[in-house]
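This report describes the fold, the ligand surroundings and some local features of one protein model. The sequence and the structure come first.

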Amino acid sequence: MTVARTILALALTAFGPTALSAQSTDILLNCSACHAVAPERPTTQVFPDLNGQPIRYLERQLEAFREGDRRHRQMELTALALGQGDGAMARLYADAPRPVLEPKGMNDDTPPALVTQGDWSRGLAPCASCHSLDPDTDRARTAPRLHGQPEAYLADQLRAYADGRRTSDPMGRMRAYSARLDTAEISDLAAYYASWRPETEEAKND
Ligand code: HEC
Ligand code: HEC
């Protein structure tokens, strides 16, 4: 938190805040209130975890909120207020250690077939060809870790790609894939990735 605030202060000094009032800027830019910086633990499981995500991915998302390729009122204002200072914040989270995750809370931790095999009859590449099957490594510079993200968040992002609310994906691939998934598949995929929890957390039902 202290590190986050220092970097932010430096970034704002360098680039200057936007027209937002000092008070609202303070709330919008208190990133760690919603996205805990590791090793600090998140207080809720509502917000996406940014720790250890690829730098290129994080930078692209802040740009997407600014440019309207992702819609979320709070994060749009945050990204606008952050402006040119966003590189420092993306770097802070990208350099933070990613959580050590384990599959928990599911009777069977075999990934859904769509994750490992895809469904070529529908032109669906396996999710794991871009989003690593191993939450400790990345496969692609622009594809984020999905393991351990909040279930409702993951499902909402897939629906947002499917109905065109989120257009930040390179070459429209996530939009094309998501539009071919049915409601049950979206729920299953979100539940699978969200069932990976920090190893220090109690299991839900085993
Ligand atoms: C009041 C809570 C809150 C604050 C403060 C906040 N965020 Fe967020 N952030 C969110 C929410 C909610 C989302 C998910 C938005 C959505 O559903 O599209 C998000 C999404 C993001 C994402 C995209 C994550 C992903 O996996 O795609 C990035 C990057 C991000 N925030 C960075 C920041 C940074 C940097 C700051 C501080 C300058 C910040 N946020 C401040 C709530 C917050
Ligand atoms: C060809 C590579 C590729 C494949 C295959 C792929 N993805 Fe993605 N996915 C990406 C990229 C790249 C992004 C980041 C796009 C952006 O910037 O909005 C992404 C973003 C996402 C996000 C948003 C994550 C966040 O933190 O906001 C979700 C959820 C997601 N993918 C789920 C899936 C699922 C589920 C599958 C399998 C059905 C899948 N993806 C298959 C490349 C891929």
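Along the sequence, the secondary structure elements of the protein follow the pattern α-α-α-α-α-α-β-α-α-α-α-β. The model is a predicted one. Its secondary structure amounts to 10 helices and two strands. The protein has 206 residues, of which 29% count as buried. Of the contacts between residues at least 6 apart in sequence, 72% join residues at least 24 apart.

**Ligand surroundings**

Ligand 1 is surrounded by 21 residues, and the closest are Cys 31, Cys 34, Pro 48, His 72 and Met 89. Helix H3 (31-34), helix H4 (55-67) and helix H5 (73-82) are the elements that give two or more residues to this shell. H5 gives the most, with four residues.

Around ligand 2 there are 24 residues, the closest being Ala 125, Cys 127, Cys 130, Ser 168 and Asp 169. Here the elements that give two or more residues to the shell are helix H8 (151-162) and helix H9 (173-179).

The table gives the classes of residue in each shell, together with those in the contact of H4 with H5 that is described further on.

| Set of residues | Nonpolar | Polar | Charged |
|---|---|---|---|
| Shell around ligand 1 | 13 residues | six residues | two residues |
| Shell around ligand 2 | 15 residues | six residues | three residues |
| Contact of H4 with H5 | six residues | no residues | two residues |

**Nonpolar cores**

In soluble globular proteins, nonpolar side chains tend to be buried together. The largest nonpolar core of this model has 19 residues, and Leu 62, Leu 82, Met 89 and Tyr 93 have the most contacts inside it. At least two residues of this core come from each of H4, H5 and helix H6 (86-95). Apart from this core lies another, of 16 residues, which includes Cys 127, Leu 154, Leu 158 and Tyr 193.

Leu 82 is in contact with Leu 29, Leu 62 and Met 89, when its neighbours within four places in sequence are left aside. Met 89 is also one of the residues closest to ligand 1. In the other core, Cys 127 is named among the members, and Cys 127 is also one of the residues closest to ligand 2.

**Packing of H4 and H5**

The axes of H4 and H5 are 8 Å apart, and the two helices pack at an angle of about 105 degrees. Angles of 65 to 115 degrees count as roughly perpendicular, and H4 and H5 are therefore roughly perpendicular to each other. On the side of H4 the contact is made by Leu 62, Phe 65 and Arg 66, and on the side of H5 by Met 75, Glu 76, Ala 79, Leu 80 and Leu 82.

The loop between H4 and H5 contains Gly 68. Gly 68 counts as exposed because it has 10 C-beta neighbours inside 10 Å, and a residue with 12 or fewer is exposed. The C-alpha atom of Gly 68 is separated by 8.5 Å from that of Thr 167, which is 99 residues away along the chain.

**Backbone geometry and loops**

Most residues other than glycine have a negative phi, and most peptide bonds are trans. Two places in the model depart from this. Ala 38 and Pro 39 are joined by a cis peptide bond, with omega about 10 degrees. Pro 39 is placed in the loop between H3 and H4. Met 171, a residue other than glycine, has a positive phi, near 55 degrees.

Met 171 is found in the loop between H8 and H9. Met 171 counts as exposed because it has 7 C-beta neighbours inside 10 Å. Gly 164 lies in the loop between H8 and H9 as well. With 11 other C-beta atoms within 10 Å, Gly 164 is exposed. The C-alpha atoms of Gly 164 and Ala 179 are separated by 9.1 Å, and the two residues are 15 residues apart along the chain.

**Strand E2**

Pro 198 belongs to strand E2 (residues 196-198). Pro 198 has 15 other C-beta atoms within 10 Å and is therefore partly exposed. Not counting residues up to four places away in sequence, Pro 198 touches Pro 99, Val 100 and Leu 101. Between Pro 198 and Lys 104 the C-alpha to C-alpha distance is 8.9 Å, at 94 residues apart in sequence.

Conventions:
Residues are numbered from 1 along each chain as its sequence is written. Chains are lettered from A and ligands numbered from 1 in the order in which they are written. This is a predicted model: local features need pLDDT of at least 70, side-chain atom pairs count only at pLDDT 80 or more; totals for chains, interfaces and linings use all residues. A residue is near a molecule or strand if its C-beta atom, placed from the backbone, lies within 6 Å of it. Ala, Val, Leu, Ile, Met, Phe, Trp, Tyr, Cys and Pro count as nonpolar, Asp, Glu, Lys and Arg as charged, and the others, Gly among them, as polar. A nonpolar core is a set of buried Ala, Val, Leu, Ile, Met, Phe, Trp, Tyr and Cys residues joined through C-beta atoms within 7 Å. A residue is buried if 20 or more other C-beta atoms lie within 10 Å of its own, exposed if 12 or fewer, and partly exposed in between; C-beta atoms are placed from the backbone. Two residues are in contact if their C-beta atoms, placed from the backbone, lie within 7 Å. Axes are lines fitted to C-alpha atoms, for helices over the stretch in contact, and angles run from 0 to 180 degrees between N-to-C directions. Angles under 35 degrees count as roughly parallel, over 145 as roughly antiparallel, 65 to 115 as roughly perpendicular and the rest as oblique.
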